[in-house]
Amino acid sequence: MTTVLVTGGAGFIGSNLVRYLRREHRDWRIFNIDKLTYAGNLNNLAGIEVGPDYSFVQGDVADGAMLSRVWARRRIKYVFHLAAETHVDRSLKDAVPFVRANIEGTAVLLDLARTEGVEKFIYMSTDEVYGAVPRGSDEVFTEDSPLKPRNPYSATKAGADLLCQVAHASHDMPVVIVRAANNYGPYQHPEKFLPLMLTNLMQGRKVPVYGTGQQMRDWLFVDDTCKALVGLAERAEPGSIYNLSGSGLIPNIELARKVLDVMRLEEEENLKMIADRPGHDFSYPLNADKIERELNIRTETRLDDGLRRTVFWYRNNEDWWRPIREGRFKDYYKEQYSEL
Ligand code: NAD
Ligand code: TYD
């Protein structure tokens, strides 16, 4: 019997991972711990019933006493550690929750995983830990590139990434780190660029593009991430680090144009360039050859296909995103997008 712990399993990638495991590894037992912050949402898990094969605990991964109580006797084989504060714009306003969840949370979880013993501890890191390359640079990040984060979100992700490396170096913990590109797909909170675009357009609002829109991101469909996470748990060597890229870098403005195209909307009426994000990272060019070469893990979804599927999903799941848009997110939106 394989029992896995998913932290942050009520968030975007975490809930997709729970669904993926339910589909592809029906005999695995899933234990989901999530604090249910503003980003956590039990509606992401609608249809996943609590029972012998799936349990959920609402709790903070930085709370060691709670963790050790619920962990006891579960014999967890793989940890998928995804719980984190994740939005760069929010981190630029207040870094403290990021330090607590991302750094302290990871330290507490690592300590407990060491005491309890696990076969693999997968840490979901990000390409943003490398920092960004400036426009015109031909630098590409490999797993050996130095970590030079440039915003509080990525700084705390880098802190946790280092704690994971250190847990392997000092205690021989079977940690595996994956540094992934920008994920997209169903159940992503509307604060992030792609679902913000979709839900704005579906409400007749404009898409806010920061700065000139020339910054680039590499888009990775969430199912590809879930598949990679399981491959890493099953096959990666303890102590290893892998980059995970998506469909290739594309400027934000081009992504917005693609979305408008899929939705058959005109650019002039539906895009608005607004003030840039402070210190906006230009791009994170990844060399992700290692994961394919060593583990035969490939990301397969082409951006056009993934985008069509994502637009379709948001169109058909207004019942999911409407309550988020109309809840406390409204205050954040008003402040963040006062120019719209
Ligand atoms: P998300 O914001 O949608 O979900 C995060 C989840 O973690 C939420 O359900 C939240 O309630 C939970 N959480 C936050 N703090 C917690 C705490 N202290 N204890 C327990 N639960 C807590 O994020 P996501 O996009 O699903 O990202 C998941 C992970 O993947 C994060 O670690 C993120 O840094 C990493 N990552 C994300 C991307 C991306 O593009 N989304 C890319 C690379 C890496
Ligand atoms: P985001 O989804 O916040 O992810 P990250 O900053 O972690 O890469 O943003 C993706 C890109 O889109 C990033 O370059 C910032 C840009 N962006 C906008 O232009 N407008 C927006 O309203 C948001 C949220 C992001």
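**Exercise 1. Place W313.**
Find what W313 touches, leaving out residues up to four places away in sequence. Then say where W313 lies and whether W313 is buried or exposed.

*Solution.*
Step 1. W313 touches P186, Y187 and W320, once residues up to four places away in sequence are set aside. The model is a predicted one.
Step 2. Take P186 from that list. P186 and W313 are 127 residues apart in sequence. Their C-alpha atoms are 6.3 Å apart in space.
Step 3. Assign the element. W313 lies in helix α11.
Step 4. Check the accessibility. W313 has a relative accessible area of 14%. Buried means under 20%, so W313 is buried.

**Exercise 2. Describe how α11 packs against α6 and α8.**
For each pair, give the axis distance and the angle. Then classify the pair and list the residues in contact.

*Solution.*
Step 1. Start with α6 (residues 193–202) and α11. Their axes come within 10 Å and cross at roughly 50 degrees. The two helices are therefore oblique to each other.
Step 2. Add the hand. α6 passes α11 in a right-handed crossing.
Step 3. List the contacts. On the α6 side they are L194, P195, L198, T199 and M202. On the α11 side they are L307, T310, V311, Y314 and R315.
Step 4. Turn to α8 (residues 252–262) and α11 (residues 303–316). These helices pack at an angle of about 60 degrees, with axes 10 Å apart. That makes α8 oblique to α11. Their crossing is right-handed.
Step 5. List these contacts too. α8 supplies L255, K258, V259 and V262. α11 supplies L303, D304, L307, R308, V311 and R315.

**Exercise 3. Find the buried side of α8 and of α2.**
Which residues of α8 are buried, and which of α2? Why do they fall on the same side of α8, and why on the same side of α2?

*Solution.*
Step 1. In α8, the buried residues include N252, I253, L255, A256, V259 and L260. They cover an arc of only 160 degrees around the axis, so they share the same side of α8.
Step 2. In α2 (residues 64–71), M66, L67, V70 and W71 are buried. Their arc around the axis is only 120 degrees, which puts them on the same side of α2.
Step 3. Recall the helix geometry. An α-helix has 3.6 residues a turn, so residues three or four places apart point the same way.
Step 4. Name the partners of α2. Its buried residues pack against β1, β2 (29–34), β3 (54–58), β4 and α4.

**Exercise 4. Classify the α4–α5 pair.**
At what angle do α4 and α5 cross, and within what distance do their axes come?

*Solution.*
Step 1. Helix α4 covers residues 96–116 and helix α5 residues 152–171. Their axes come within 8 Å and cross at roughly 15 degrees.
Step 2. Apply the cut-off. Angles under 35 degrees count as roughly parallel. α4 and α5 are therefore roughly parallel to each other.
Step 3. Add the hand. α4 passes α5 in a right-handed crossing.
Step 4. Read off the contacts. α4 brings F98, V99, N102, I103, T106, A107, L110 and R114. They meet Y153, T156, K157, G159, A160, L163, C164, A167 and H171 in α5.

**Exercise 5. Map the nonpolar cores.**
How many residues does the largest nonpolar core have, and which elements give two or more residues to this core?

*Solution.*
Step 1. The largest nonpolar core has 37 residues. Those with the most contacts inside it are V4, L21, F80, I122, L232 and L244.
Step 2. Two or more residues come from each of β1 (3–7), α1 (12–24), β4 (78–81), β5 (120–126), β6 (175–180), α7 (222–235), β10 (241–244) and α10 (289–295). The largest share, 7 residues, comes from α7.
Step 3. Look around I122. Beyond four places in sequence, I122 touches V79, F80, H81, V176, V178, L229, L232 and A233.
Step 4. Another core lies apart from the largest one. This other core has 27 residues, among them A256, W313, W320 and W321.

**Exercise 6. Examine R73 and D172.**
Which sign does phi take at R73 and at D172, and are these residues buried or exposed?

*Solution.*
Step 1. R73 is not a glycine, yet has a positive phi of about 70 degrees. R73 comes just after α2, in the loop between α2 and β4.
Step 2. R73 has a relative accessible area of 79%, so R73 is exposed.
Step 3. D172 is not a glycine either, and has a positive phi of about 60 degrees. D172 sits in the loop between α5 and β6.
Step 4. D172 has 60% relative accessibility and therefore counts as exposed.

Conventions
Residues numbered from 1 in each chain as written. Chains lettered and ligands numbered in written order. Predicted model: local features only at pLDDT ≥ 70, side-chain atom pairs only at ≥ 80, totals over all residues. Heavy atoms only, no water. Core = buried A, V, L, I, M, F, W, Y, C linked by side-chain atoms within 4.5 Å. Buried < 20%, exposed > 50% of the residue type's maximum accessible area, 1.4 Å probe, protein only. Helix = DSSP H or I, 4+ residues; strand = E, 2+ residues; numbered from the N terminus. Contact = heavy atoms within 4.5 Å. Arc of directions from axis to C-beta. Axes fitted to C-alpha atoms, helices over the stretch in contact; angles between N-to-C directions. Parallel < 35°, antiparallel > 145°, perpendicular 65-115°, else oblique. Left-handed = near helix turned anticlockwise from the far one by under 90°.
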